[in-house]
Structures are given as C-alpha cells and as structure tokens.
Amino acid sequence: QLQLVESGGGLVQPGGSLRLSCVASGFTLDYYTIGWFRQAPGKEREGVSCISSSGGSTKYADSVKGRFTISRDNAKNTVYLQMNSLKPEDTAIYYCAADPRSTTVQAMCAPPGRGRYWGQGTQVTVSS
C-alpha cells in the first residue's frame, strides 16, 4: 500500500518549536518532489514549503520564511519540517504530499498544491 504518514504535530505555546515528519511506505521518496501544506478552518489550503527530490531546491511561503526549514533524508524515506518561532496563525492541519520529481518546487507549492500521494495530516495548534 502506497502511503504517506505525517507525525510530530501537537499543542505548543507561541514562540515554541515542532518538527514534523513525513514517512513514505510502499514507494521510494527519492523520485519525488515533496511539499508540506496546511489548511486552517475556513481557509484554503496553503503551500508551506516544498523540496526537490535531491534536496537542492526549496521553496517557502512568505509567511514562514526564516522560521521553517524543510529537509529530507532519502535513506530514511522521510521529509521533515522544522518549525520554529511558532505563531497562533500557524495553527492548522499540516499535510505532506509527493509528486513525481519532474515537478518543480514552484509548481508543487503553487495553489491549490499538487500531489499524487497525500498523507492524512497532523494537527498543529499554537496557543498559550
């Protein structure tokens, strides 16, 4: 079964940090561009950050630049999203998605987001 599984979400105070993980099973992430997306209640899905298959290209939404870092460990078939200096407006369900490596990070992250495979999401809540 081909699937992506996110983990690492939770409740954190403003200014805190979380690291999300996206693990693939049933296929190898080496051949895929990966994106992290989020959707808050009543809002459209937003591309947060995307990374190329090699890790050489990344893209970030303006709202998270300087605070979030995307990375990947192809040996572990895992992509990470390190989130620092979290704000209440970062509260959302976070999803990872995978699309064939021919997809650029710009195309991957452009609304409404692309992905042949999607995870089920992990909730991130930033609140005091």
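A pocket is an open set of grid points with protein on both sides within 12 Å along at least five of seven lines, and its lining residues have an atom within 4 Å of a point. This structure is a predicted model, and its largest pocket is a good place to start.

Thirteen residues would be a long list, so take the centre. The largest pocket has 13 lining residues, and Arg38, Ala40, Lys43, Glu46 and Glu89 lie nearest its centre. The space inside comes to about 160 Å³. Charge features strongly in the count by class: eight lining residues are charged, three are polar and two are nonpolar.

Now turn to the interior. The largest nonpolar core holds 30 residues. Within this core, Leu4, Trp36, Leu81, Met83 and Tyr94 touch the most other members. Several strands feed the core with two or more residues each: strand 3 (18–25), strand 4, strand 5 (46–51), strand 7 (68–73), strand 8 (78–83), strand 9 (92–100) and strand 11 (122–126). Apart from this core lies another, of six residues, including Ala97, Val105, Met108 and Cys109.

Met83 shows what such a core member meets. Beyond its neighbours within four places in sequence, Met83 is in contact with Gly16, Ser17, Leu18, Leu20, Arg67, Phe68, Tyr94 and Val124. Tyr94 is on that contact list, and Tyr94 is also among the residues that touch the most other core members.

Ile34 gives a second view of the interior. Ile34 sits in strand 4, which spans residues 32–39. Its relative accessibility is 0%, so Ile34 counts as buried. Residues up to four places away in sequence aside, Ile34 touches Leu29, Ser49, Cys50, Ile51, Ile70, Arg72, Val79, Ala97, Ala98 and Met108. Two of these contacts, Ala97 and Met108, are named members of the six-residue core. Thr78 is 44 residues from Ile34 in sequence, yet the C-alpha to C-alpha distance is 9.9 Å.

The aromatic rings come next. The model has four aromatic pairs. One of them joins Phe27 and Tyr117. This pair is tilted, with 4.6 Å from centre to centre and 35 degrees between the planes. Phe27 lies in the loop between strand 3 and strand 4, and Tyr117 lies in strand 10 (residues 117–118), so the pair ties together parts that are 90 residues apart in sequence. Are these two residues buried or exposed? Phe27 has 10% relative accessibility and counts as buried. Tyr117, at 17%, counts as buried too, because the cut-off is under 20%. Tyr32 joins Phe27 and Tyr117 in one aromatic cluster.

Some backbone details deserve a look. Pro111 and Pro112 are joined by a cis peptide bond, with omega at about 0 degrees. Pro112 is in the loop between helix 1 (105–109) and strand 10. Two residues that are not glycines have a positive phi: Asn77, at about 55 degrees, and Ser85, at about 50 degrees. Asn77 is in the loop between strand 7 and strand 8. Ser85 is in the loop between strand 8 and strand 9. Their surroundings can be read from accessibility. Asn77 is buried, with a relative accessible area of 14%. Ser85 is partly exposed, at 40%.

Lys59 leads back towards helix 1. Lys59 is in strand 6 (residues 58–60). At 33% relative accessibility, Lys59 counts as partly exposed. Neighbours within four places in sequence aside, Lys59 is in contact with Val48, Ser49, Cys50, Val105, Gln106 and Cys109. Of these, Ser49 and Cys50 are also touched by Ile34. Val105 and Cys109 are named members of the six-residue core. Lys59 and Thr69 are 10 residues apart in sequence and 9.7 Å apart in space, C-alpha to C-alpha.

Finish with Gln13. Gln13 occupies the loop between strand 2 (10–12) and strand 3. Is Gln13 buried or exposed? Its relative accessible area is 54%, and Gln13 is exposed. Leaving aside neighbours within four places in sequence, Gln13 is in contact with Val126 and Ser127. Thr28 is 15 residues from Gln13 in sequence, and the two are 35 Å apart in space, C-alpha to C-alpha.

Technical notes. Residues are numbered from 1 along each chain as its sequence is written. This is a predicted model: local features need pLDDT of at least 70, side-chain atom pairs count only at pLDDT 80 or more; totals for chains, interfaces and linings use all residues. Side-chain values use heavy atoms; hydrogens and water are left out. Helices (H or I, at least four residues) and strands (E, at least two) are DSSP runs, numbered from the N terminus. Buried means under 20% relative accessible area, exposed over 50%, partly exposed in between (1.4 Å probe, protein chains only). Contact means heavy atoms within 4.5 Å. A nonpolar core is a set of buried Ala, Val, Leu, Ile, Met, Phe, Trp, Tyr and Cys residues joined through side-chain atoms within 4.5 Å. Rings of Phe, Tyr and Trp (its six-membered ring) pair if their centres lie within 6.5 Å; planes under 30 degrees apart count as stacked, over 60 as edge-to-face and the rest as tilted. On a 1 Å grid over the protein atoms alone, a cavity is a set of points where a 1.4 Å probe fits but cannot get out, and a pocket is an open set with protein on both sides within 12 Å along at least five of seven lines; lining residues have an atom within 4 Å of a point. Grid points are joined across faces, edges and corners, and a volume is the space filled by probe spheres set on the points. Ala, Val, Leu, Ile, Met, Phe, Trp, Tyr, Cys and Pro count as nonpolar, Asp, Glu, Lys and Arg as charged, and the others, Gly among them, as polar.
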